[in-house]
Amino acid sequence: MHKAVGVSVDAMIEDLRTLVEVESPSRHPDALRASAKAVAAVIESRLGGQATLVESEAGPHVHWSGGGDPHVLILGHHDTVFPLGTLERRPFKVADGHATGPGVFDMLGGVVQAVHGLATLDDRSGVEILMTADEEVGSLSSRALLEDRALACGAVLVLEGAADGGGLKTGRKGCGTFQVTVAGRASHAGLEPAAGVNALIEAAHQVLDIAGLGRPEIGTTVTPTVASAGTLDNVVPAEATIVVDVRVESTEEKERIESAFAALAPHLAEAEISIQGAVSRPPMPESASTELFAVAKRLLPDLEGKAVGGGSDGNFTAALGVPTLDGLGAVGGGAHADHEYLVIDSMAERANLVAGLVNALRNA
């Protein structure tokens, strides 16, 4: 069908089908165990050696080493955002130059491309692969492991999906989620509304205060995304919650936003508020990718680099000062959506790009 030297796209599609057809929603340890075993089997069949399942509360992470002194970490994840049962509704399919199915773009396509790219190398020493089980839900169980391996290897290639148009991701915003909980006091909305403390009204004040924290002109977005309040239409609500998505481009803004949330104060007498959350993924500055992106440009001169708003595990490795290049995975789009797709014609080029970067880094 399609072929590049040393890489069979047909074989990549078959491995991609295998991984997509083992559903792997985050926070489902049993499903993630099956997924980890499938990822390990693909790695072992294409690269040899033995992949280790690293147990965690979230599910198993998959680690493989080509032996020798570590020089480069291939980093990704095998968990997806799609609930069990999605595959039945939206099965893996190849048509019109696209592969579709839950997780093809984010990021099972990147996993497969990286493995097949490495398989073209006669010498795989110095390379490690780590595919985690909880990236989509914050990497709480995998962060220490991925940071340890990143520091040991000294360079990180992140196999998240490409930026729009196939570009690499040379910078990422820091991101986090905050939850503001408002405690008021219930009362009858008709008989004695003044006896209550209306948590919904307090939440409305807080939403406006929170939205005002954003500074989009310098890349800081603060977006209330989910809210809930009340129990019945004739009861003054005693509790309300607000969930907020935060994105920042600098450490200074991370600190400002966290301090601002901590300083939020009630507007209504007797209302109380509590705050949870943080900017849990630090920003990935473009300086973290400068060296590696230059190498990638020598391999594919037409490559573009883009700073993007979403976060990945590359944020953690970049924050350690480890050179990190992201967006090396599938070319496609629709991450986290039902129209998610992967462009088949790009698979061989991306697999060979990973192989070329690994060779360059080992020989540097």
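Reader: How do you know that strand β5 and strand β8 pair, and in which sense?
Author: Two strands count as paired when at least two bridges are found between them. In this predicted model, β5 (residues 72-77) and β8 (residues 127-132) are joined by six bridges, so the pair meets that cut-off, and the sense is parallel. Among the partners, Gly76 is matched with Met131 in β8, and Leu75 with Leu130 in β8.

Reader: What makes β5 and β9 a pair?
Author: Three bridges join these two strands, so the requirement of at least two is met here as well. β5 and β9 run parallel, and Ile74 stands opposite Leu157 in β9.

Reader: Which order do the strands take in the open sheet of six, and why are β3 and β16 called edge strands?
Author: The order is β3-β4-β8-β5-β9-β16, with mixed pairing. β3 (52-54) and β16 (324-325) each have a single partner strand, so one side of each is left without a neighbour in the sheet.

Reader: Why is β5 described as largely enclosed?
Author: A residue is buried when its relative accessible area is under 20%. Six of the six residues of β5 are buried, so the strand is largely enclosed by the rest of the structure. Val72, Ile74 and Gly76 point one way, while Leu73, Leu75 and His77 point the other way. That fits a general pattern: in a regular strand the side chains alternate between the two faces of the sheet.

Reader: Which helices lie on these strands?
Author: Helix α2 (residues 29-47) lies across β3, β4 (61-65) and β8, and runs at about 15° to β4. Helix α10 (residues 347-363) packs on the sheet too, touching β5, β8, β9 (156-158) and β16. The direction of α10 makes about 145° with that of β5.

Reader: What makes β12 and β14 the edge strands of the open sheet of four?
Author: The order there is β12-β13-β11-β14, with antiparallel pairing. β12 (221-229) and β14 each pair on one side only. From one strand to the next, the twist averages 15°.

Reader: How do you know that β12 and β13 are paired?
Author: Eight bridges join them, so the cut-off of at least two is satisfied, and the two strands run antiparallel. One of the matches is Ser228 with Thr241 in β13.

Reader: How do helices α6 and α7 run relative to β13?
Author: Helix α6 (residues 199-211) lies across β11, β12, β13 and β14, at about 10° to β13. Helix α7 (residues 251-262) packs on the sheet and touches β11, β12, β13 and β14, with a direction that makes about 170° with that of β13.

Reader: Why is Lys297 called partly exposed?
Author: Partly exposed covers what lies between buried, under 20%, and exposed, over 50%. Lys297 has 31% relative accessibility, so it counts as partly exposed. Lys297 sits in helix α8 (residues 290-299).

Reader: What lines the largest pocket, and how do the classes divide?
Author: The pocket holds about 650 Å³ of space. Of its 28 lining residues, the closest to the centre are Glu135, Glu136, Arg247, Gly311 and His336. Elements giving two or more residues to the lining are α4 (104-119), β10 (168-172), β11 (174-183), β13 (239-248) and β14 (272-281). β11 gives the most, with three residues. By class, the lining has seven nonpolar, ten polar and eleven charged residues.

Technical notes. Residues are numbered from 1 along each chain as its sequence is written. This is a predicted model: local features need pLDDT of at least 70, side-chain atom pairs count only at pLDDT 80 or more; totals for chains, interfaces and linings use all residues. Side-chain values use heavy atoms; hydrogens and water are left out. On a 1 Å grid over the protein atoms alone, a cavity is a set of points where a 1.4 Å probe fits but cannot get out, and a pocket is an open set with protein on both sides within 12 Å along at least five of seven lines; lining residues have an atom within 4 Å of a point. Grid points are joined across faces, edges and corners, and a volume is the space filled by probe spheres set on the points. Ala, Val, Leu, Ile, Met, Phe, Trp, Tyr, Cys and Pro count as nonpolar, Asp, Glu, Lys and Arg as charged, and the others, Gly among them, as polar. Contact means heavy atoms within 4.5 Å. Axes are lines fitted to C-alpha atoms, for helices over the stretch in contact, and angles run from 0 to 180 degrees between N-to-C directions. Buried means under 20% relative accessible area, exposed over 50%, partly exposed in between (1.4 Å probe, protein chains only).
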